[in-house]
Amino acid sequence: MKYVIYFAGACAPFILNNFSYASDFIDDAKITVTARNYYLDRNYVEEAPYPAARDWAQGFIIKAQSGYIAGDVGVGLDFMANAGFKLYGSSDYAATGLLPVNKVTNQRANNYGEIGLTAKAKIFENTTVHVGTLEPKLPVLFASPARLFPQAYRGIQIQTSEIPNFHLNVIYVDRINHRDSTNYEHITLANPNKRFNQAAESSGMHEFGGEYKLTDKTELSAYYANLHDVYQQTFLGVKGKKDTQFGQLLGDMRLFISNNEGKALAGNIDNQHFSGIWGIHNSNHTFSIGYMQSFGETALPYLSGGEPMHFLDTLSTDLANINERVYHLRYDYDFKDTAANGLKFMTRYSKGDNIELIGYGQQHFKEKELDFELSYKVQQGIFKDLNLRARHSTYRNNMPSTMTFKPANELRLNIDYTWKF
């Protein structure tokens, strides 16, 4: 919060000098209120401390974005407020990340809330600076939206698109507010399956890079990120589309190169991770195949509370173990232009093998996951834009029972509705 105050103070001369143009601050404002109902049920099918991870919660997300006061430097202010309420949550079950949990008693909070402020300035035509609460969507620093509320970071972000076809991002953050928390904490390295020496804390993280549109259907991206005294990571990506007589060909390839950095608080980190998915889209159908492989002495590092940003966002695992190879098949069907317009279906199968676990010698392990997703967006009437979503996952592995990801059958149900003002 103090950073927002400092930034606002620095911008005060511009605000006062351009007070007569302050109508843009209000006229260009946008306000949204989202009601989100979320049920998560992960039933473990083998030995585990709890029989399941199970919670049901209702959340409300308010976002208010002001316009910019006109002038050489336009300034503005964004506001975010979240309120979550427990509908069901028992200490007999493991936590799901939907609700804050007492680490001693395993009791869920009945309700929780938080407020975030972001001061912003617009410099030139297409350059903005944001200070305060941030929800970045970058290849390394990614605010995960996979629970009731998204992650939030505290820091400063600069974005510019002054150069045609090129978008540049520069960001620094020093604290994180996790999806099931109201407190800002140090940023840490995720350490599932005890892949590293420890889940090391860092004083902060910076990332910079951007995307360049080579053509209307081809985009190149490159980023560098540094979790101070833990690891550094370079990201290279290519996305493309190509029209053919058989349909539109799709491609998304990503490469992460990671090494320990500075004091190496988590010990040695040495990983090169490639992932790619290629598909063909024709009418309502999309067929895709994917492949991932991890190289190096360690697993792919990523931030605690989030997920690795390879192309595959599974429900019950991360598919990012040491030397893991992943084979992937996916099918999507969009019911557009049919009587069920607004309905979408997806199924995918992922299999990982050649997995190495620290402490288990030369043994190689396997995992697999089968997912189904059905979503519907109401197209007209009083409930227009109401979103319904159901996801089911079947996950199995032959890893020791002490590992983080356990064989399970998982169900997630979401009901979202957003009012715009």
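**Close-up 1. Phe287 and Tyr331 are bridge partners in a predicted model.** Tyr331 belongs to strand 17. That strand covers residues 325–334 and pairs with strand 16. The sense is antiparallel, and the pairing runs over nine bridges. Phe287 also has a partner in strand 15: Ile280 stands opposite Phe287 of strand 16.

**Close-up 2. Strand 15 and strand 16 form a hairpin.** Strand 15 spans residues 270–282, and strand 16 spans residues 285–295. They pair over 11 bridges in the antiparallel sense. Two residues lie between the strands. In the turn, Ser283 takes a positive phi of about 60°. Ile280 and Phe287 face each other across this pair of strands.

**Close-up 3. Glu410 and Arg42 join their side chains in a salt bridge.** The N to O distance is 2.6 Å. The contact links distant parts of the chain. Glu410 sits in strand 21, residues 408–420. Arg42 sits in strand 1, residues 30–44. The two residues are 368 apart in the chain. Across the whole structure, the search finds 17 salt bridges.

**Close-up 4. Five strands each supply at least two residues to the lining of the second largest pocket.** The pocket holds about 510 Å³ of space. Its lining counts 24 residues. Nearest the centre lie Gln65, Asp78, His130, Thr133 and Glu135. The contributing strands are strand 2 (52–65), strand 3 (73–89), strand 4 (111–123), strand 5 (127–134) and strand 6 (152–160). Strand 4 gives the most, with four residues. By class, the lining of the second largest pocket has nine polar, eight nonpolar and seven charged residues.

**Close-up 5. Nonpolar side chains form a patch on the surface.** The members are Tyr212, Leu214, Leu220, Val238, Met253, Trp278, Ile289, Leu329, Tyr349, Leu370 and Phe372. Together they have about 920 Å² of accessible area. Strand 11 (205–215) and strand 19 (365–377) are the elements that give two or more residues to the patch. Leu214 has its place in strand 11. In a regular strand, side chains alternate between the two faces of the sheet.

Key. Residues are numbered from 1 along each chain as its sequence is written. This is a predicted model: local features need pLDDT of at least 70, side-chain atom pairs count only at pLDDT 80 or more; totals for chains, interfaces and linings use all residues. Side-chain values use heavy atoms; hydrogens and water are left out. On a 1 Å grid over the protein atoms alone, a cavity is a set of points where a 1.4 Å probe fits but cannot get out, and a pocket is an open set with protein on both sides within 12 Å along at least five of seven lines; lining residues have an atom within 4 Å of a point. Grid points are joined across faces, edges and corners, and a volume is the space filled by probe spheres set on the points. Ala, Val, Leu, Ile, Met, Phe, Trp, Tyr, Cys and Pro count as nonpolar, Asp, Glu, Lys and Arg as charged, and the others, Gly among them, as polar. Patches are made of residues with over 30% relative accessible area and no salt bridge: like charges are joined within 9 Å, nonpolar side chains (Val, Leu, Ile, Met, Phe, Trp, Tyr) within 5 Å. Accessible areas come from the Shrake-Rupley method with a 1.4 Å probe; for residues, only the protein chains shown count as cover. A salt bridge is a side-chain nitrogen of Lys or Arg within 4 Å of a carboxyl oxygen of Asp or Glu. Two strands pair if DSSP finds at least two bridges between them.
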